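Grab a viewer and work through a few exercises on the structure below. Try each one before you read its solution.

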Amino acid sequence: MLPTHEFVDGKVGPGCKKVDPIVIADGVTRQFGGNTAVDVQHLEIPRGKITALIGPNGAGKTTMFNLLTGFDKPNTGTWSFDGTSLANVPAFKVARSGMVRTFQLTKSLGRMTVLDNMLLGADEQGGEGMLRALFKPLWRDREKEITEKADELLARFKLDAKREDYAASLSGGQRKLLEMARALMSSPKLIMLDEPMAGVNPALVQSLLGHVKELKNDGTTVLFVEHDMHMVTNISDWVVVMAEGQIVAEGPPETVMKDQAVIDAYLGAHHDQDLGDLDIQELEVERIAEEQGVEAAAEYEAEVLGTTTIAEEIAETKPGTETTESDSK
């Protein structure tokens with residue numbers, strides 16, 4: 001690893017201190033039965049930068065997201081956001097503090113219009129109170145304000161033509177865009193994206209990449225989980241690597257990709273290949289097929305990539321196994 005870096009106060013390495021961190025976590029652990037999913041001794045996220053949180057399947061990345069945002073409770077540990085402790089703070093208060101997140105599986109409400117989904121993301125809505133809702137003059141101006149903001153964001157994300165459509169009619173990629181746009185309705189200081197490219201049509205990938213970069217340009221800190229190494233190297237300023245619940249490496253992407261601990265965590269027997277040139281999701285499908293069977297691999301591939309192509313190819317090479325469309329549902 002590099003001995004120093006402009007983001008770091010001291011030497012670069014797992015758990016290194018940052019010059020201007022927006023998130024600081026100490027001694028965060030989460031156990032499920034006898035398994036330790038997260039064991040992070042120290043982690044700092046640099047303010048105003050795009051940080052990628054990567055690692056093999058089961059490394060604890062999403063669990064860490066859930067802990068930081070109040071969707072799960074740790075066994076031990078404390079963490080702060082922008083100088084305020086958020087340990088054991090419920091998710092809705094975390095969001096109000098300026099830390100919002102999206103999910104790998106989108107949470108859009110299919111029976112509501114795209115606009116109504118956007119309006120749900122805004123804060124300080126006086127009309128939500130039972131009594132105040134009866135007196136429209138008390139919240140009319142605020143409703144107009146957030147509707148205008150929703151329309152601006154829909155235009156920015158090229159969803160304005162879908163404004164009055166039901167969210168259920170959107171494609172997977174459009175739902176990702178909707179969820180990201182909705183998260184911006186509260187003007188967050190930090191947005192956390194859980195596998196934003198998972199299951200997205202390649203035609204929309206570049207659009208999503210552009211929007212993530214725009215977030216940084218607007219002064220928003222971005223922390224995202226992703227398996228696509230090309231995306232990680234393309235847009236991230238800093239990379240944190242998890243394996244077996246722990247932080248095993250961190251640094252700028254061009255350095256992390258050559259770190260032996262990262263290569264060991266990801267590749268195992270594939271040491272003769274370059275990490276940046278590998279499709280990590282394909283490796284995960286292959287690993288699951290080997291350990292849990294082709295059907296389990298097909299289910300994972302369908303959920304993450306929206307296809308079962310890799311699992312089908314594996315099945316063809318293994319006599320007596322096959323995948324069907326029903327296997328991946």
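What follows is a set of exercises on salt bridges, a helix face, a cavity and a pocket, all in a predicted model.

**Exercise 1. Find the partner of Lys18 in a salt bridge, and work out what the pair ties together.**

Step 1: Start at the side chain of Lys18 and look for a carboxyl group; the side chain of Glu250 meets it in a salt bridge, at 2.7 Å from N to O.

Step 2: Place both residues. Glu250 sits in strand E10 (residues 246–251), while Lys18 is in the segment before strand E1 (21–32), so the bridge ties together parts that are 232 residues apart in sequence.

Step 3: Check exposure against the cut-off, where buried means under 20% relative accessible area. Glu250 is at 0%, so it counts as buried. Lys18, with 4%, is buried as well.

**Exercise 2. Compare two more salt bridges, Glu214 with Arg156 and Glu179 with Arg182: where do the partners lie?**

Step 1: Take Glu214 and Arg156, whose closest N and O atoms are 3.1 Å apart. Glu214 belongs to helix H6 (residues 202–217) and Arg156 to helix H4 (residues 140–156), so this pair ties together parts that are 58 residues apart in sequence.

Step 2: Look at their exposure. Glu214 has a relative accessible area of 32% and is partly exposed; Arg156, at 25%, also counts as partly exposed.

Step 3: Now for Glu179 and Arg182, with 3.7 Å from N to O. Both are in helix H5, three residues apart, or about one turn of the helix. An α-helix has 3.6 residues a turn, so residues three or four places apart point the same way.

Step 4: Exposure again: Glu179 is buried at 6%, and Arg182 is buried at 14%.

Step 5: Zoom out. The whole structure has twelve salt bridges, and Asp20, Arg47, Asp82 and Lys189 are linked in a network of them.

**Exercise 3. Decide how the buried residues of helix H12 are arranged around its axis.**

Step 1: List the buried residues of H12 (residues 309–317): Ile310, Ala311, Ile314 and Ala315.

Step 2: Look down the axis of H12. These buried residues fall within an arc of 140 degrees, so they line one face of the helix.

**Exercise 4. Describe the largest cavity: how much space does it hold, and which residues line it?**

Step 1: Count first. There is one cavity of 30 Å³ or more, and the largest cavity holds about 60 Å³ of space.

Step 2: Walk round the wall: Thr102, Phe103, Lys176, Glu179, Met180, Asp194, Glu195, Pro196 and Leu208. Glu179 is the residue that bridges to Arg182 in Exercise 2.

Step 3: Sort the lining by class, and you get four nonpolar, one polar and four charged residues. Helix H5 (residues 172–183) gives the most, with three residues.

**Exercise 5. Work out which parts of the chain build the largest pocket.**

Step 1: The largest pocket has about 750 Å³ of space. Of its 28 lining residues, those closest to the centre are Ala95, Val100, Leu120, Gly121 and Ser186.

Step 2: Helix H2 (91–96), strand E6 (99–101) and H5 each supply at least two lining residues. H2 has the largest share, five residues.

Step 3: Domain 1 (1–108 + 187–269) and domain 2 (112–169) each put at least three residues into the lining.

Step 4: By class, the pocket lining has 13 nonpolar, six polar and nine charged residues.

Key: Residues are numbered from 1 along each chain as its sequence is written. This is a predicted model: local features need pLDDT of at least 70, side-chain atom pairs count only at pLDDT 80 or more; totals for chains, interfaces and linings use all residues. Side-chain values use heavy atoms; hydrogens and water are left out. Buried means under 20% relative accessible area, exposed over 50%, partly exposed in between (1.4 Å probe, protein chains only). Helices (H or I, at least four residues) and strands (E, at least two) are DSSP runs, numbered from the N terminus. The arc is that of the directions from the helix axis to the C-beta atoms. On a 1 Å grid over the protein atoms alone, a cavity is a set of points where a 1.4 Å probe fits but cannot get out, and a pocket is an open set with protein on both sides within 12 Å along at least five of seven lines; lining residues have an atom within 4 Å of a point. Grid points are joined across faces, edges and corners, and a volume is the space filled by probe spheres set on the points. Ala, Val, Leu, Ile, Met, Phe, Trp, Tyr, Cys and Pro count as nonpolar, Asp, Glu, Lys and Arg as charged, and the others, Gly among them, as polar. A salt bridge is a side-chain nitrogen of Lys or Arg within 4 Å of a carboxyl oxygen of Asp or Glu. Domain bounds come from an automatic or database domain assignment.
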